[in-house]
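Colleague: I work at the bench and rarely open a model file. Could you walk me through reading one?

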Amino acid sequence: MTENVQQAEEQVEELEEIDLTAANEVIDKYIDIHGNLMPVLQGIQEAYGYIPEATVHLAAERLNVYASQIYGVLTFYAQFHLKPRGKYIIRVCMGTACHVKGAGRIGDAIVERLGISHAETTEDLKFTAEYVACIGACGMAPVIMVNDATYGSITVQKTAEVIEKYKAMD
Amino acid sequence: MVNLTIDGKQITTAKTSTIYEAAKENGIYIPVLCYAKKLLPYGACRICLVEVEQMKGRLIPSCTTPVTEGMVVTTTSDEINKVRKTVLEFLLVNHVVDCPVCDKGGECDLQDLTYEYEVVTNRFQGEKFDLPTDEVNPLIERNMNRCVLCGKCVRVCDEVVGYGSYSFINRGFETKIATAFDRGLNCEFCGQCVSMCPVGAILPRPFKFKARPWQLKDVDTVCGYCGNGCTVTLGVKDNQVQTIRFNEDTGVNHGNLCVRGRFGYSYVNDATRLTKPLIRKGGELREASWDEALVTIAEKFKAAGKDLGIISGARLTNEELLLLKRISSALGTHHLDHSGGECYQGLTAGLNETMGISASTGTFPQVEKCNAILAIRSDFYETHPVFGMVINQAIRLNDAQLSVIADKRGKLSKLPNARTLMHKPGCEINMINALCQVIIAEGLAKTDDLQGLAELTKALADYTPETVAKMVGADAEAIKKTARELAGAKNAAIVVAYGLPYTAHSKEIAIAASNLALLTGIAGREGSGLYLCGEKANSQGAIDLQITPGPAGLGAQQMLNSAAEGRLPVLYLVGEDPVVTYPDQGLVKKALEKSFLVVQDLFLTDSAKYADVVLPAASFTEKDGTFTNAERRIQRLRAGIKSPGEAKSDFVVFQSLLNKLQKTAPAAPAAAFGELTGEVAGYAGIVYEQIGPQGEVWGGETLAPLKKVLIPVAGNEPLQAEYQLLVGSALYHSGSVSTRSKGPMSVCPEPYIELGRDDAVTLNVKTGDMIQLKAAGVTIQSKAKVDNRLPKGVIFAPYHFAGLGLNRIYTGQSVIAVEPSKL
């Protein structure tokens with residue numbers, strides 16, 4: 001085996017530290033259903049907050065689907081995440097109305113405060129930033145969401161306040 | 001049949017044809033990028049658009065549209081050309097046009113189409129792809145900047161190979177072909193994707209910057225590795241095999257190859273090839289002339305006479321084997337054999353006793369149409385990878401149920417819906433007996449004209465699935481299901497491989513398998529078959545020509561025994577390296593030391609180092625002749641290059657030897673084949689010059705058994721040992737010659753001892769750690785390889801490597817009790 005190939009294998013082995021019990025339970029639930037890949041992946045994401053690589057290999061093995069194919073599905077749908085995500089997901093609307101009203105500055109403010117841009121997560125796994133197309137609240141543009149809470153007519157100053165509020169929370 | 005008109009031409013074609021296929025059959029050209037004969041229709045590239053009068057208003061993709069009665073098709077018009085040109089413009093927006101340094105230049109479909117449609121300027125502009133090239137593995141380079149997203153690599157790796165390396169990832173403009181998690185490619189390196197890529201996105205690395213395609217001379221010949229008999233097309237330049245070319249129109253393999261066939265050619269160009277005869281003088285092997293060497297040998301052979309032992313490899317051509325047989329009869333010796341441990345006895349003794357034949361009963365293309373397939377031993381994919389792909393196609397295209405009687409998991413177990421019937425090592429016969437028992441007990445047997453049914457029924461009383469399952473750790477329900485499927489299937493196949501690492505119980509396993517084949521009616525039924533596949537390129541030819549001990553003659557193992565005791569004065573090894581590959585290395589060495597040894601080979605092998613005379617031989621790429629593959633297909637080899645130095649083909653060497661023995665020999669392989677058609681049953685009527693690209697199958701597509709006798713064979717008690725070693729083949733190698741080839745060696749360079757995860761934890765061993773195995777007072781050591789295909793307590797080691805000395809503890813057993821420990 002070449003050195004590189006061996007490294008790749010070791011890399012995969014390192015990833016297998018994750019407790020696969022939850023993933024196995026999800027797979028058990030859907031294993032006999034035709035077209036089970038999507039619900040399995042959604043279930044795994046619900047259990048782990050993202051899709052750990054080891055669970056992909058587990059699903060590949062148990063569902064008899066190639067890992068490459070699962071990876072294709074995971075990268076096709078925006079709903080799946082391959083890296084751990086923060087406890088609080090900050091969605092910054094970049095739709096037309098928000099864009100006109102200065103959504104770019106809001107994004108910059110988050111980078112400044114948390115050091116994270118689109119699809120990035122803080123090291124403490126507390127925040128993830130996501131720039132989204134439109135969240136359907138153009139009337140209160142610019143708008144951000146933190147998990148399920150919506151903050152409209154937001155400014156750079158208000159963004160800082162919102163972040164501080166969540167920082168203080170667990 | 002359906003009638004339609006294409007470009008004004010009246011055409012009649014099969015109902016299942018697409019417009020593209022109908023056009024192609026009739027010599028009408030339609031350009032394609034994503035179409036491939038062996039893959040399911042896909043319709044990704046839109047280059048093949050045509051006009052259909054009945055479907056006006058839009059252009060129709062000809063590669064996915066089935067023909068219908070009365071269809072009127074136009075393949076070229078201003079409108080069509082405009083659209084095709086636009087498609088090319090789109091593709092060229094992102095494609096890096098680095099044709100001067102692209103190895104595909106000259107045979108690139110995109111380049112050819114761009115030229116054909118005169119895409120001189122591009123109306124569209126956009127970013128060029130700037131993706132890193134995947135150079136992680138040594139054999140296959142992927143440059144995704146050249147990719148046109150035809151998906152052929154994705155599809156062939158799934159539909160044909162069953163490995164699934166690739167997928168489309170991301171979406172829209174970002175879409176590209178990638179492996180799981182977009183890592184470097186790490187697969188079985190069969191290179192099917194290389195052969196399918198219409199552009200320079202996937203290329204063979206060893207061929208980089210070696211030659212332009214038009215500089216290569218293409219020579220169709222037969223692969224020299226396993227008994228599958230794949231046609232390989234040598235790409236020759238400067239008297240060297242530069243690469244193996246892709247040709248999906250020839251051979252039984254439709255252009256499919258494995259890592260050995262596609263990348264294992266470099267040994268023929270190797271600088272360490274023997275180029276001159278060597279004679280031992282003053283204790284050392286020194287270069288000598290051919291005449292001196294042949295005179296010395298002829299004298300020794302004549303003096304030994306009936307006490308000469310001849311052991312041949314199974315990679316000699318039929319014509320060479322015929323001459324070797326002539327040599328043995330000229331000298332009056334019956335000590336003639338072709339493989340260690342007489343592993344071929346499944347054919348010569350087993351099938352011969354039950355069915356009166358010594359060959360597989362069906363052909364590979366029939367397996368593709370089977371509904372149920374039973375593979376005995378999981379190593380079948382490793383020994384015959386391209387046959388494994390045929391099995392995969394049967395599963396995908398025909399919904400075949402594959403069951404594998406296995407002591408470890410392997411590639412076959414991973415194929416869709418494969419059922420792995422796990423059992424303790426060395427107990428294959430128990431499992432096959434249990435299948436037979438179910439078929440008889442449930443009244444599923446096709447008992448017409450079977451002899452010995454009563455005796456077999458009685459003998460199988462102890463082999464109910466429950467008893468066997470308990471004894472060998474198997475699943476009784478799975479056995480029953482498999483038995484019912486095999487008995488009920490319209491077409492079914494039973495496949496088993498034999499070879500040097502599988503010498504134990506070879507006769508008994510074959511008898512058990514033929515009992516099953518007879519009870520299910522598989523043997524001799526059109527479309528079904530029992531396949532006993534030899535390890536080497538011409539294993540079947542060696543059986544057909546009876547390169548086996550004559551009356552009172554010794555087999556290979558007995559010859560070595562006898563020589564070790566000083567009772568066989570002269571040994572002649574042709575293309576065999578028993579020191580590395582035969583069971584019981586200690587015995588082999590002693591035998592070679594004690595006898596006057598003549599070795600004829602490509603390299604100064606470990607065995608040749610013991611020789612008194614060494615003759616330099618020619619590889620399969622340097623000779624004409626025929627091989628007979630594991631399905632009885634006789635195919636022609638064609639010389640592509642000249643042998644290095646003074647090396648000669650075995651044919652020429654045997655001719656000279658026969659002359660020295662005052663015998664005549666046929667002048668050329670064609671003449672020799674003519675003679676052997678008169679001597680070998682089944683070969684009669686086959687004309688050398690008329691053997692076409694698909695070969696000639698002797699005995700017909702389905703070989704009928706000459707008799708149908710059921711013979712009870714006893715199973716084996718599982719070995720009682722905490723750790724048990726299995727010896728076998730690794731996918732990347734075949735025999736020992738592949739260990740001299742850069743391709744296989746770059747992905748599997750050294751011996752290893754494979755452990756399951758549980759045992760690795762117990763022994764505190766990780767991949768790469770050195771471990772040792774102790775058996776009967778002998779220890780061998782190697783790097784460990786840990787994975788999840790071995791059950792607890794089972795250890796595996798491949799037999800190809802000289803360095804491991806595996807045959808110091810392997811003496812022909814089916815399973816060896818060992819004590820492993822970390823070093």
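Modeller: Sure, starting with vocabulary: helices (H or I, at least four residues) and strands (E, at least two) are DSSP runs, numbered from the N terminus. This is a predicted model, where local features need pLDDT of at least 70, side-chain atom pairs count only at pLDDT 80 or more, and totals for chains, interfaces and linings use all residues. Residues are numbered from 1 along each chain as its sequence is written, while chains are lettered from A and ligands numbered from 1 in the order in which they are written.

Colleague: How much helix and strand is there in residues 79-118 of chain B?

Modeller: That span is 60% helix and 0% strand, and its end C-alpha atoms lie 15 Å apart. An unreviewed UniProt entry annotates residues 79-118 of chain B as "domain: 4Fe-4S His(Cys)3-ligated-type". UniProt positions are given in the numbering used here, feature names are shortened, and annotations may be inferred rather than shown by experiment.

Colleague: Is strand 20 of chain B covered on one face or both?

Modeller: In a regular strand the side chains alternate between the two faces of the sheet. A residue counts as buried with 20 or more other C-beta atoms within 10 Å of its own, exposed with 12 or fewer, and partly exposed in between (C-beta atoms are placed from the backbone). Here both faces are covered: A492(B), I494(B) and V496(B) are buried on one side, as are A493(B), V495(B) and A497(B) on the other.

Colleague: Which strands does strand 20 of chain B join?

Modeller: Two strands pair if DSSP finds at least two bridges between them. Strand 20 of chain B runs parallel to strand 17 (residues 372-376) of chain B, with 5 bridges, and A372(B) has A492(B) as its bridge partner. Another 5 bridges link strand 20 to strand 21 (residues 529-533) of chain B, also parallel, where A497(B) faces C533(B).

Colleague: What about chain A: what is the strand order in its open sheet?

Modeller: The order is 2-3-1-4-5, a 5-strand sheet with mixed pairing. Strand 2 (120-121) and strand 5 (149-151) of chain A are the edges, each pairing on one side only.

Colleague: And how long is helix 14 of chain B?

Modeller: The expected span of a helix is 1.5 Å times one less than its number of residues. Helix 14 (residues 428-441) of chain B has 14 residues and reaches 20 Å between its end C-alpha atoms, close to the expected 20 Å. In this helix, 13 of the 14 residues are buried. G443(B), which follows helix 14 of chain B, has a positive phi, near 70°.
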